[in-house]
Amino acid sequence: MDAHISVQNLHVWYGNLAALTAISVDIPRHGITVIMGPSGCGKTTLLKSFNRFLELNDTTRISGTVAVDGHDVYAPGVDVTAVRKRVGLLAQRPTALPMSIFENVAYGMRIHQPHLDKSALAIQVQHYLEVAGLWHEVAQRLDAPATALSIGQQQRLCLARGLAVEPEIILGDEPTSALDPISSRHIEQKLLELKQRYTTVIVTHTLRQAKRLADYVIFMYLGEIVEAGPAQQLFTNPQQERTKEYLAGVF
Amino acid sequence: MGIFEIRSDAGRDTRPASARHRQDAIAQRWSLRITFIPLIVLGFVAIALIVRAWPILQTYPLIALLFGTVWKPSAGQFGLWPFITGTLWVTSVGVILAVPPSILTAIYISEYAQTRTRLIIKPILDVLAAIPPVVYGVWGLLAVVPFVESVLVPGLSGALGFLPLFASNQPTGFSVLAGGIVLAVMITPLIIAVIYEILHTVPNDLRQASLAVGATRWETIWRVLLPYIMPGIIAAIVLGASRAFGETIAVLMVVGNVPKVPTSLFDTAYPLPALIANNYGEMMSIPLYDAALLMVALVLLVVVFIFNLIAMMILRRFVR
């Protein structure tokens with residue numbers, strides 16, 4: 001397997017609380033990896049270790065390595081903004097920045113490519129809005145405040161904003177949990193389209209969504225990985241008792 | 001006796017339900033009445049000031065009082081312009097000096113500081129806000145005035161004295177600048193506290209949305225947070241200005257109190273609150289003197305009231 005993200009012996013503590021214990025797992029390039037498990041099992045913690053979001057909380061302690069293409073993102077001297085540019089995040093709640101629709105998509109480009117001229121920027125913004133499936137809904141009102149969009153549209157806008165800085169990896173932290181069923185379907189559809197080009201890692205607590213999306217599954221329980229493997233194998237022939245119980249809806 | 005009946009009967013209220021409800025009604029009625037007292041007091045203060053200021057407003061046109069430049073009560077001249085400009089100068093200098101460091105400090109404690117650092121710095125800033133103004137006044141007298149006199153006048157006025165703003169027209173350190181520095185130190189904790197509170201109402205999702213695309217903290221602050229909280233920053237400045245505008249004793253001790261329109265940072269000033277504090281009660285029986293001072297009090301009340309109203313209206317949209 002060609003591992004895009006390789007986690008070795010990762011431990012995470014929030015204060016004195018161990019959130020992740022001895023996590024080692026490889027996440028394959030391209031395709032969708034779904035991290036699932038009951039709430040509080042460390043899914044989101046594992047996800048946010050990939051783009052170094054854990055350190056936003058200053059009581060967090062981290063040990064171990066998370067290598068993207070073989071390079072540990074926690075190594076000394078690594079530029080955290082470069083990590084986050086490569087590893088994009090689609091948050092649980094859609095969060096439009098308090099600026100226009102256009103500026104939301106242009107936001108990261110203005111930071112990483114400050115010399116991009118206006119017309120090039122406009123072309124890029126249109127491109128990523130198209131990729132996110134939002135262009136036709138907003139083409140006539142790019143200067144309108146992004147907060148005026150519906151929640152579902154805002155999540156696609158967030159997708160466009162994330163893609164616009166050209167990441168290799170898309171993280172999704174329960175990206176449809178705040179959305180209505182139709183908007184959720186939209187986002188899932190987009191993620192399925194994008195998996196050809198991006199390594200995608202999605203946290204979900206809904207088994208149905210995991211089954212719809214996953215090529216590869218990581219099942220977690222109480223801060224540890226119980227079982228990980230190709231979706232087909234894990235869903236039809238789980239090896240661990242805990243996995244069987246979870247899939248059967250015991251907890 | 002079910003399993004939920006675990007209390008003994010010893011401490012139970014044995015009064016009938018109607019007595020308990022009557023007690024509740026009385027508590028509600030009286031707490032409501034007491035709550036209205038501040039409003040009533042404000043009303044009485046305003047009415048009293050209007051009534052007592054009325055004679056001078058009938059004698060002279062308001063324009064002549066506000067823009068008159070000669071203050072000689074014994075000669076019947078009540079020009080307030082020197083005091084109004086004195087107040088505006090001192091307040092403006094105080095606000096201009098206070099705002100940039102206040103914004104940066106609020107940003108530091110809210111956005112950059114570790115939790116532990118914040119837990120140390122924040123209470124210290126809150127204590128600064130609680131220091132009695134007279135203490136700042138004494139500090140101004142002992143430290144700021146000599147500093148202005150021996151360092152800033154030779155330094156700034158020596159280098160930039162050709163500009164009217166920095167001209168040195170009198171030999172002491174009692175000046176607009178000394179007043180402004182003291183005020184800046186006094187209102188900084190207030191402005192920091194307000195901006196800090198506003199930064200705390202900003203959803204973390206917003207910060208993370210920016211950081212997630214690889215923005216630095218400063219880019220997040222500059223491009224997302226500051227534009228978002230700009231109305232709140234303005235409200236914080238208005239509150240600081242309102243506090244500075246009405247501040248009496250600390251300013252009075254360091255500005256020299258000469259009723260002359262200032263034209264330079266190093267001129268003396270005589271702000272409106274100082275005018276009242278220095279003279280009320282020692283007006284002899286000069287006609288209209290009392291009315292003139294109470295008109296000044298009315299002006300202060302109205303201006304501070306309006307400033308605070310504006311700030312509150314802006315801040316309301318940040319309440320979560």
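This is a short tour of a predicted model, with a stop at each place worth selecting.

**Stop 1: the two domains of chain B**

Start with chain B and colour residues 17–59 and 82–318 separately; the domain assignment calls them domain 1 and domain 2. Put a centroid on the C-alpha atoms of each, and you'll find the two centres 32 Å apart.

Now show where these two domains of chain B meet. On the domain 1 side, 11 residues make contact, and they touch 11 residues of domain 2. Together the domains of chain B bury about 930 Å², with 85% of that area on carbon and sulfur atoms. Which three residues should you pick out on the domain 1 side, as the ones that supply more of its buried area than any other three? Select B:Leu49, B:Arg52 and B:Ile56: they account for 55% of what domain 1 of chain B buries against domain 2.

Keep B:Arg52 on screen and add B:Asp290. These two form a salt bridge, and their closest N and O atoms are 3.0 Å apart. The count of salt bridges between domain 1 and domain 2 of chain B is one. Polar contacts across this interface come to two residue pairs. If you colour the touching side of domain 1 by residue class, you get nine nonpolar residues, one polar and one charged.

**Stop 2: where chain A meets chain B**

Zoom out and bring up both chains. Chain A puts 24 residues into the contact, and chain B puts in 20. About 1,800 Å² is buried between chain A and chain B, 60% of it on carbon and sulfur atoms. For a handy selection on the chain A side, try A:Asp58, A:Tyr107 and A:Ile111, which supply 29% of the area chain A buries against chain B, more than any other three residues.

Next, look for charges. Which residue of chain A forms a salt bridge with B:Asp205? Click on A:Arg93: the closest N and O atoms of this pair are 3.1 Å apart. The interface of chain A and chain B has one salt bridge, along with four residue pairs in polar contact.

Switch to a cartoon view to see which elements of chain A face chain B. Those giving two or more residues are α2 (80–86), β6 (87–90), α3 (101–112) and α6 (151–163) of chain A. Helix α3 of chain A has the largest share, with five residues. Coloured by class, the chain A side shows 11 nonpolar, six polar and seven charged residues.

**Stop 3: a salt bridge inside chain A**

Over all chains, the structure holds 18 salt bridges. One of them is worth a close-up: the side chains of A:Asp69 and A:Arg86 meet with an N to O distance of 3.1 Å. A:Asp69 sits in the loop between β4 (60–68) and β5 (71–72) of chain A, while A:Arg86 is in helix α2 of chain A, so this pair ties together parts 17 residues apart in sequence.

**Stop 4: a pair of rings**

Finish with the aromatic pairs, of which there are 11 over all chains. Select A:Phe219 and A:Tyr246 and look at the rings: their centres are 4.8 Å apart and their planes are at 35°, so this counts as a tilted pair. A:Phe219 belongs to strand β9 (residues 216–221) of chain A and A:Tyr246 to helix α10 (residues 241–247) of chain A, so the pair ties together parts that are 27 residues apart in sequence.

Technical notes. Residues are numbered from 1 along each chain as its sequence is written. Chains are lettered from A and ligands numbered from 1 in the order in which they are written. This is a predicted model: local features need pLDDT of at least 70, side-chain atom pairs count only at pLDDT 80 or more; totals for chains, interfaces and linings use all residues. Side-chain values use heavy atoms; hydrogens and water are left out. Domain bounds come from an automatic or database domain assignment. Contact means heavy atoms within 4.5 Å. Buried area is the accessible area (1.4 Å probe) that two parts lose on being put together, summed over both. A salt bridge is a side-chain nitrogen of Lys or Arg within 4 Å of a carboxyl oxygen of Asp or Glu. A polar contact is a pair of N or O atoms within 3.5 Å; within protein, one must be able to donate a hydrogen and the other to accept it, and residues adjacent in sequence count only if both atoms are side-chain atoms. Ala, Val, Leu, Ile, Met, Phe, Trp, Tyr, Cys and Pro count as nonpolar, Asp, Glu, Lys and Arg as charged, and the others, Gly among them, as polar. Rings of Phe, Tyr and Trp (its six-membered ring) pair if their centres lie within 6.5 Å; planes under 30 degrees apart count as stacked, over 60 as edge-to-face and the rest as tilted. Helices (H or I, at least four residues) and strands (E, at least two) are DSSP runs, numbered from the N terminus.
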